[in-house]
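Dear colleague,

Please find the structure below, handed over for your own inspection. My notes on it come after.

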Amino acid sequence: VFGLSYFSVLVPQALMGTATVLIVHRAVAIYGTVRQAFLAGLFLILTPVTTIIFRFNNPDALLLLLWALAAFFFVKSVHKQSAAHLYFAAFVLGMAFLCKQFQSWIMVPAIAVAFLLFGFGHLLPRLRRLVCAAVVMVLPPGIWIMITELTPAAHRPWVGGSVGNSFLELTFGYNGLGRLTG
């Protein structure tokens, strides 16, 4: 719609940065004071790496936005004792997987442990909710991977970052174990 220009490429990045700061502010405000929420947003803005990420056309900006949204829904889940918010957080993490594959799930163990420790209800219902959340988290990327891998390579767009036009190769290679092994 706007053509290819610096404006059309970088404005969405800046908007994602602004939304991330707003979501972090709102998440902290659930349990903290207005001053603490302001400081959290300010800290995010002043962190050099986030300033750089939101100034370039990079999927990490979307990843940070989705992480902030997942954390917001998780905190809201515990605060309101709402399984639906936990499932929203899981869904957002599933969508984040489509952004940066396994890297996006680096916060999943922390959320799971925090929910086991601070979630609502007895231990067994908490475990059931976590299993349901895991299913909700895996469904979006699972469906996308299935569609991509079942489409013949000649009939689908090239999977960027892969050598053999395979989303699984990208997931387990470059954006998976490749990040650990170099």
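The notes below cover the overall fold, the core and a surface patch.

This is a predicted model, in which local features need pLDDT of at least 70 and side-chain atom pairs count only at pLDDT 80 or more, while totals for chains, interfaces and linings use all residues. Residues are numbered from 1 along each chain as its sequence is written, and side-chain values use heavy atoms, with hydrogens and water left out.

The chain has eight helices and zero strands, where helices (H or I, at least four residues) and strands (E, at least two) are DSSP runs numbered from the N terminus. Of its 182 residues, 37% are buried, meaning under 20% relative accessible area with a 1.4 Å probe and protein chains only, as against exposed at over 50% and partly exposed in between.

The largest nonpolar core (buried Ala, Val, Leu, Ile, Met, Phe, Trp, Tyr and Cys residues joined through side-chain atoms within 4.5 Å) holds 38 residues, of which F72, F74, L93, F115 and F167 touch the most other members. Helix α4 gives the most to this core, with 11 residues. Leaving aside residues up to four places away in sequence, F115 touches F74, S77, V78, L86, F120, R126, R129 and L130, a contact being heavy atoms within 4.5 Å.

Turning to the surface, L139 lies in helix α7 (residues 123–150) and is partly exposed, with a relative accessible area of 47%.

With kind regards
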